[in-house]
Amino acid sequence: MIRLEKRPNPSRFWLYATPPVAVLLTMVVGGILFAAMGKNPIEVIRTIFWDPIFGEFAFYLRGQLLVKAGPLILIAIGLALGFRAGIWNIGAEGQYIIGAICGAAVGLAVFPTENRLIFPAMVIAGAFGGWLWAMIPAILKTRFNTNEILVSLMLVYVAQTILAKASTSFLKNPEGMGFPGSRNFNTYPAAKNGYLIESLGLHWGGVAALVTAVLIYILLTRHIAGFQIRLAGQAPRAARFHGVNPTRLVVMCMGISGALAGLAGLFEVAGPAGQISIDFNTGYGFTAIIVAFLGRLNPLGIVLAGFLMALTYVGGEMASTNLGLPSAAIQVFQGMLLFFLLGVDVLTNYRFRLPAAAATAGAK
Amino acid sequence: MKRRHLLASASLALGLALGGSAFAQGMDKVKACFVYVGPIGDGGWTYQHHQGALAVQEKYGDKVEIQYQESVPEGADAERVLTQMALGGCNIIFTTSFGYMDATNAVAAKFPDVKFEHATGFKRDHANVSTYNARFYEGRAVQGTIAGMMTKSNKIGYIGSFPIPEVMNGINAYYLAAKKVNPDVQVSVVWAFTWFDPAKEADAAKALIDQGVDVIAAHTDSTAPLAEAAKAGGAVIGFGQASDMEAYKPSPRVSSIIDNWAPYYVERIGALLDGTYEQKDVWAGIAGGEVLIGEITEAVPAEVKAAAEKVRDDIAAGTLHPFTGPIKKQDGSDWLAEGATAPDGDLLGMDFFVEGITAELPK
């Protein structure tokens, strides 16, 4: 029997090899799935991974990649910070919603004033909203030792209810003929998060995502706080002896991830989405968890992972429309990516041993 | 600005290639595209729209090419899907959910040669955007009549998707019709805040049944509420929604509202083919054949069936309007005077419950 043996040290090779191997396995097994459905697997894979970047409509779709990747990257970087320290914020989706509501509320409150400070104020309010929503599980954890996974996840549903309320009452467009949804920010220049470079799909959210990636990378590698985060995740006991204050760490990690998720929500509501509506959130907060792990919890890796994930969305839609694939097949394909990632990840900490080799090793 | 310019020129080129100038004289071939909010296998709303698309294919054969995309989220994603479709050469795009309203109008501005048809919305910001809707509330009046006569607990339920006017019309019409035949009836409303999520829809049905409700109407897209009602062993009945849902016949599904989009889709694509296409705002009901009442099964007594069918026929004949005064709003203020019927504008913007409903709006 082949058995798994724990490696004395995590394999550096597999740490970096896992994502590409997982992507490759997803392509192969996904291709088999598509072939079983009667589609040409090569054509489907090409439509998903190649066409959005180099195909006929790439001039439009390339920009859409960053639009889609921006919020994923921004949220995932914040989550990765906590995940590294063993603090599990699963409720980024809720923080994203509350950030969007708070930011939008600031903009809508002063409608139709034109002032250059309106958008910056909305950005601050957005980050604050997300931070506030993340502070609930953080404080419950540090004060009452509740489980932040459960609390942050449950707060997503609370946030969705508040979102529904916002779109049907307190943020509802007074000129919307009774229909739910706020005013559209596209018609309000001072509050609009427009494109800075339209062909790249770059708006302030994209800028924030890329700048944050660099800042957090520096924090993790160069700053004492980054060292504490890594230490707390790898050796909690050692971290305590080293003077790491667990309460402060939880508050900091939850706070940063919440604020970043809130920022992502604000950039989305004032930009691509355009308005607060009942189903404004489309799962970025949850997908970002996959992105964080796909990017190895490393800010620069997350940037790549965010683009890869965006590619499967944009390309998946193309495959769905042009080749008649059911949307469920695309979702299975995306799910496979996480599945294989976690599966291959075993090799980072474990290795396969054949019985003979194990016996020899034992004899030594 | 650059992208918009590129898009505009791309659409122009497409328009020319496909005979933009020949528009008035019709087209040889139409590429018709559909954007769906749920999967085509939802057995309800999206299923019916897709049936309409298939009817178009059947009718025009190889003169039409059908493309569709399922489960498109409302919001920013819809805009991208619509743009991809327009770039991909679709001549007419049907967006089949209320939440696609802004996206439809935004993309329509960039592709003036592509026709856009938005279901259940009211914005027609550009000459190439039409809207179409069905008077579902007429069917709710038929269901309310059955519910009022069939309930033993005097508690009837309604699973709301979102508190938008279309749903408010449905709840109010359902309640008013039930109250007409049973003055003691109470309606409970549960908001699912989704169009399609079988798990949430089943939970909503469960919550209603736990409150003692024994007739459930749903304004969501799946068959889950009926599946939940079926577990009550005959004590709870319900209705097919959007589609006939005949698998649950004869009980718990005792009747249904069937959205019949096929005639409209066939007509609009026909008009595009023969060059008579014009911008429109259509709101047809039972009389126009857009809302069909599915078979009322033997699970209800004959007199209930007869009463329900009379409501249906009177609405079709135009002698009965489900909203006929005197009707007050929930807060006690006046809405419709004695004998007055609701103007379409009030129905399209309805954001209140009528008097007698004790449920609260999510505010």
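Of the 364 residues of chain A, 49% count as buried in this predicted model. The chain holds 15 helices and 4 strands. Its radius of gyration is 22 Å, close to the 21 Å that the globule rule gives for 364 residues, so chain A is as compact as a globular protein of that length. Along its principal axes, the C-alpha trace of chain A spans about 80 × 60 × 35 Å. Contacts in chain A also reach far along the sequence: among those with a separation of 6 or more, 79% come from residues 24 or more positions apart.

A good place to look next is the nonpolar core. In general, nonpolar side chains tend to be buried together in soluble globular proteins. The largest nonpolar core here has 218 residues, and the members that touch the most others are A:Ile75, A:Ala76, A:Ala292 and B:Ile93. Helix H4 of chain A, residues 58-84, gives the most to this core, with 16 residues. On the side of chain B, both domain 1 (2-12 + 25-135 + 261-284) and domain 2 (137-255 + 290-348) give residues to the core, so it lies between them. A:Ala76 offers a closer view of the packing: leaving out residues up to four places away in sequence, A:Ala76 touches A:Ala288, A:Val291, A:Ala292, A:Gly295, A:Ile302 and A:Gly306.

The two chains also meet directly, with 34 residues of chain A in contact with 36 residues of chain B. On the side of chain A that touches chain B, the elements giving two or more residues are H4, helix H7 (148-168), helix H13 (299-323) and helix H14 (327-349) of chain A. Of these, H13(A) gives the most, with 5 residues.

Chain B contains an open sheet of 6 strands. Their order is S2-S1-S3-S4-S5-S11, and the pairing is parallel. Strand S2 (64-69) and strand S11 (281-284) of chain B are the edge strands, each pairing on one side only. From one strand to the next, the twist averages 15 degrees. At the S11 end, strand S5 of chain B, residues 129-134, pairs with S11(B) in the parallel sense over 4 bridges. Within this pairing, B:Ala134 has B:Ala284 of S11(B) as its bridge partner.

Two helices of chain B that lie across strands of this sheet can be followed in the structure. Helix H4 of chain B, residues 101-110, lies across strand S3 (92-95), strand S4 (115-119) and S5 of chain B, and runs at about 170 degrees to S4(B). H4(B) is mostly covered, with 8 of its 10 residues buried. Among the buried residues of H4(B) are B:Met101, B:Asp102, B:Val107 and B:Lys110. Helix H9 of chain B, residues 262-274, lies across strand S1 (30-35), S2, S3, S4, S5 and S11 of chain B, running at about 145 degrees to S1(B).

Finally, B:Ala359 lies in the segment after helix H11 (344-348) of chain B. With 18 other C-beta atoms within 10 Å, B:Ala359 is partly exposed, because a residue counts as buried at 20 or more such atoms and as exposed at 12 or fewer. Outside its neighbours within four places in sequence, B:Ala359 is in contact with B:Val187, B:Ser188, B:Val189 and B:Phe353. B:Ala359 and B:Gln186 are 173 residues apart in sequence, and their C-alpha atoms are 9.3 Å apart in space.

Definitions and conventions: Residues are numbered from 1 along each chain as its sequence is written. Chains are lettered from A and ligands numbered from 1 in the order in which they are written. This is a predicted model: local features need pLDDT of at least 70, side-chain atom pairs count only at pLDDT 80 or more; totals for chains, interfaces and linings use all residues. A nonpolar core is a set of buried Ala, Val, Leu, Ile, Met, Phe, Trp, Tyr and Cys residues joined through C-beta atoms within 7 Å. Domain bounds come from an automatic or database domain assignment. Two residues are in contact if their C-beta atoms, placed from the backbone, lie within 7 Å. The radius of gyration is taken over C-alpha atoms; the globule rule is 2.2 Å times the number of residues to the power 0.38. Two strands pair if DSSP finds at least two bridges between them. Axes are lines fitted to C-alpha atoms, for helices over the stretch in contact, and angles run from 0 to 180 degrees between N-to-C directions.
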